[in-house]
Amino acid sequence: MNGVERTPQRRALKACTICMSAMRPSVLLLAIALLLNASARAQSSKAWSPADGNALARDYARRGEPEKAVFLLERLPAEQQTGPELFPVYLQALTDLKRYKDAEKLAKKAAKQHPDDATYGVALGGAQQAAGDVAGADKQWQRVINQLAPTQVGPAAAEFGKRNLPAWAEKTYLRGRALARNETEYGPQLIQLYTQTQQQDRL
């Protein structure tokens, strides 16, 4: 009975062998590659997770490959794209690719989703500045400072500092001083800022 069952299998195997032997080597290699690729996709669809894309995108960004980073980041959930861990990476990658409109769109979405985090508003101004809209960036940054809450002063000033915008960092600290109604508030931070920017006359 086993012989009867094996006969169709043997015939199919023989036919497949004849078919493969008739193929040109290049076509055969292509067929094998396609089969392996399909198998890999089937396995990766089970194993892949957003965390994998997260780590790989950051790795590409660190290696100076923004196009690959953006390709992965675009496929992550929106809340991860605008989260504190990936948002700076995504924004910088878009900027590096000169996709300024996409960068500004991302920053606007992030600022809207995180209204209590002033750093996103600062980043939005940065996206506008990168696109050449200096007036728009200044307007955005002034809006951020005008709307600051006391708890937002430190993070916003630090974000301006990261972007090499000491004048805006100073404005942020002075706004924080006004909010605190204390002329000595943020004194150490301002002293450090004036020292780093060689503005000893402001000390």
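**Close-up views of a predicted all-helix chain**

**View 1. Surroundings of Phe 160 in the predicted model**. Apart from residues within four places of it in sequence, Phe 160 makes contact with Val 122, Trp 141, Leu 165, Trp 168, Ala 169 and Thr 172. Phe 160 belongs to helix H10, and its relative accessible area of 0% is why it counts as buried. Between the C-alpha atoms of Phe 160 and Thr 119 the distance is 8.4 Å, although 41 residues separate the two in sequence.

**View 2. Packing of helix H8 against helix H10**. Helix H8, which spans residues 118–130, packs against helix H10, residues 153–162, at an angle of about 30° and with 8 Å between the axes. Angles under 35 degrees count as roughly parallel, and H8 and H10 are therefore roughly parallel to each other. The crossing in which H8 passes H10 is right-handed. On the H8 side the contact is made by Ala 118, Thr 119 and Val 122, and on the H10 side by Pro 155, Ala 156, Glu 159 and Phe 160. Sorted by class, this contact of H8 with H10 holds five nonpolar residues, one polar residue and one charged residue.

**View 3. Packing of helix H10 against helix H11**. The axes of H10 and helix H11, the latter covering residues 166–180, are 8 Å apart and meet at an angle of about 170°. Because angles over 145 degrees count as roughly antiparallel, H10 is described as roughly antiparallel to H11. From H10, the contact is made by Val 153, Ala 156, Ala 157 and Phe 160, while H11 contributes Trp 168, Ala 169, Thr 172, Tyr 173, Gly 176 and Leu 179. By class, the contact of H10 with H11 comprises eight nonpolar and two polar residues, with no charged residues.

**View 4. Two loop residues with positive phi, Asn 164 and Tyr 186**. Asn 164 is placed in the loop between H10 and H11, and its phi is near 55°, a positive value in a residue other than glycine. With a relative accessibility of 65%, Asn 164 counts as exposed. Tyr 186 is found in the loop between H11 and helix H12, the latter running over 187–196, and has a phi near 60°, likewise a positive value in a residue other than glycine. Tyr 186, however, is buried, with a relative accessible area of 16%.

**View 5. Surroundings of Leu 94 in helix H6**. Leu 94 lies in helix H6, which is formed by residues 87–96, and is buried, with a relative accessible area of 1%. When neighbours within four places in sequence are left aside, the residues in contact with Leu 94 are Val 70, Arg 99, Asp 102, Ala 103 and Leu 106. The C-alpha atoms of Leu 94 and Glu 104 are 9.3 Å apart, with these positions 10 residues apart along the chain.

**View 6. The buried side of helix H4**. In helix H4, residues 66–73, the buried residues are Pro 66, Ala 69, Val 70, Leu 72 and Leu 73. These residues cover an arc of only 160° around the axis, which means that they are on the same side of H4. In the chain as a whole, the secondary structure comes to 12 helices and zero strands, and 31% of the 203 residues count as buried.

Conventions
Residues are numbered from 1 along each chain as its sequence is written. This is a predicted model: local features need pLDDT of at least 70, side-chain atom pairs count only at pLDDT 80 or more; totals for chains, interfaces and linings use all residues. Side-chain values use heavy atoms; hydrogens and water are left out. Axes are lines fitted to C-alpha atoms, for helices over the stretch in contact, and angles run from 0 to 180 degrees between N-to-C directions. Helices (H or I, at least four residues) and strands (E, at least two) are DSSP runs, numbered from the N terminus. Angles under 35 degrees count as roughly parallel, over 145 as roughly antiparallel, 65 to 115 as roughly perpendicular and the rest as oblique. A crossing is left-handed if the near helix is turned anticlockwise from the far one by less than a right angle, and right-handed if clockwise. Contact means heavy atoms within 4.5 Å. Ala, Val, Leu, Ile, Met, Phe, Trp, Tyr, Cys and Pro count as nonpolar, Asp, Glu, Lys and Arg as charged, and the others, Gly among them, as polar. Buried means under 20% relative accessible area, exposed over 50%, partly exposed in between (1.4 Å probe, protein chains only). The arc is that of the directions from the helix axis to the C-beta atoms.
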